[in-house]
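Here are my notes on the model you sent over. I've kept them as numbered points so you can check each one against the structure.

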Amino acid sequence: MFKRYLFFLLIISTTSLLSQGAYKAMKDTVGFKSNVDKMSKETNSIQSDFTQVKNLSILSEKITSKGAFWFMKQNNLRWEYSDPYKYVIVINKDKILIKDESNKVKKYDMNSNKVFKEINDIMISCVNGDILKSNKFSIHYFENDKGYRLELIPLIKSMKESLKKINMYFDKNVTSVIKLEMFENGDDTTTIDFTNKKINETISSDKFTLK
């Protein structure tokens with residue numbers, strides 16, 4: 001179950017940038033962490049589009065999905081997949097709601113399921129930047145002339161069984177996470193790019209309910 005939902009991890013952003021390569025060890029990690037902490041404190045809501053590309057080792061073609069994303073403090077997330085399939089995942093504090101194309105809504109209590117709680121903690125902490133304070137990952141810091149890349153290596157057993165590594169990308173101004181890469185054991189990968197980002201605009205609470 002944990003592996004099934006790993007690719008829904010998530011977070012936020014603007015442009016589709018960041019060329020790969022040419023990254024080197026970050027010189028000022030203290031300054032970077034300070035900027036992430038500032039970003040976290042000043043960000044109350046985020047809206048963006050996203051493109052998710054899933055590369056499965058057993059398939060020759062990549063699977064591309066598109067949709068929209070909303071985040072609102074505290075602990076409210078909505079992933080709305082629109083292409084090629086309609087699928088909605090909502091996290092509303094201690095509840096997870098999932099709706100597929102049949103329009104049936106499945107509800108899960110976060111507190112009764114450690115796996116969902118773990119997923120929620122990762123998702124929220126990625127969005128608001130608190131993941132840098134987590135003791136569940138070994139974090140390595142890199143930079144190039146366009147931005148920053150963080151490599152998060154899982155330390156806890158339940159995550160290590162499914163997940164090899166998460167890469168998080170920030171633009172040079174550290175306004176939010178702009179891209180995520182998740183590397184699963186077995187060589188499957190998921191990349192999520194966030195575009196058309198809007199920060200601190202009003203979001204209706206209805207976005208975080210499903211009927």
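How much accessible surface does the protein have, and what share of it belongs to carbon and sulfur atoms?

1. To start with that: the accessible surface comes to about 10,800 Å², and 49% of it belongs to carbon and sulfur atoms. Keep in mind as you read that this is a predicted model. Of the 211 residues in the protein, 48% are buried.

2. On the overall make-up, the protein has 4 helices and 12 strands. Take the contacts between residues at least 6 apart in sequence: 54% of them join residues at least 24 apart.

3. Next, the sheet. The 12 strands form an open sheet with antiparallel pairing, and the order is S1-S8-S9-S10-S11-S12-S2-S3-S4-S5-S6-S7. Its edges are strand S1 (24–25) and strand S7 (105–109), each of which pairs on one side only. As a general reminder, strands of a sheet pair through backbone hydrogen bonds, either parallel or antiparallel.

4. If you want one pair to look at, try strand S11 (residues 177–184) and strand S12 (residues 189–199), which pair in the antiparallel sense over 5 bridges. Start from Leu180 and you'll find its bridge partner in S12 is Ile192.

5. Now the inside. The largest nonpolar core has 40 residues, and the ones touching the most other members are Phe32, Leu77, Trp79, Leu150, Met168 and Phe170. Helix H3 (residues 114–128) gives the most to this core, with 5 residues. There is also a second, separate core of 8 residues, with Ala68, Ile203, Phe208 and Leu210 among them. In soluble globular proteins, nonpolar side chains tend to be buried together.

6. Phe32 is a good place to centre your view. Leaving out residues up to four places away in sequence, Phe32 touches Met26, Leu132, Tyr141, Tyr148, Leu150, Phe170 and Val174. Leu150 and Phe170 also appear with Phe32 among the core residues that touch the most other members.

7. Is Ser45, in strand S2 (residues 45–55), buried or exposed? Ser45 counts as buried because its relative accessibility is 5%, below the 20% cut-off. A polar atom of the Ser45 side chain lies 2.8 Å from the backbone oxygen of Glu201. Beyond its neighbours within four places in sequence, Ser45 is in contact with Phe71, Met72, Lys198, Ile199, Asn200, Glu201 and Ile203. Of these contacts, Ile203 is also a member of the second core.

8. Which peptide bonds should you check for cis geometry? One is the bond from Lys73 to Gln74, which is cis with omega near -10°. Gln74 lies in the loop between strand S3 (63–72) and strand S4 (76–83). Another is the bond from Asp83 to Pro84, also cis, with omega near 5°. Pro84 is in the loop between S4 and strand S5 (87–92).

9. Two residues have positive phi without being glycine. Lys93 has a phi of about 55° and is found in the loop between S5 and strand S6 (95–99). Asn103 has a phi near 70° and sits in the loop between S6 and S7. As for accessibility, Lys93 counts as partly exposed at 48%, while Asn103 is exposed at 55%.

Methods
Residues are numbered from 1 along each chain as its sequence is written. This is a predicted model: local features need pLDDT of at least 70, side-chain atom pairs count only at pLDDT 80 or more; totals for chains, interfaces and linings use all residues. Side-chain values use heavy atoms; hydrogens and water are left out. A nonpolar core is a set of buried Ala, Val, Leu, Ile, Met, Phe, Trp, Tyr and Cys residues joined through side-chain atoms within 4.5 Å. Buried means under 20% relative accessible area, exposed over 50%, partly exposed in between (1.4 Å probe, protein chains only). Contact means heavy atoms within 4.5 Å. Two strands pair if DSSP finds at least two bridges between them. A polar contact is a pair of N or O atoms within 3.5 Å; within protein, one must be able to donate a hydrogen and the other to accept it, and residues adjacent in sequence count only if both atoms are side-chain atoms. Accessible areas come from the Shrake-Rupley method with a 1.4 Å probe; for residues, only the protein chains shown count as cover.
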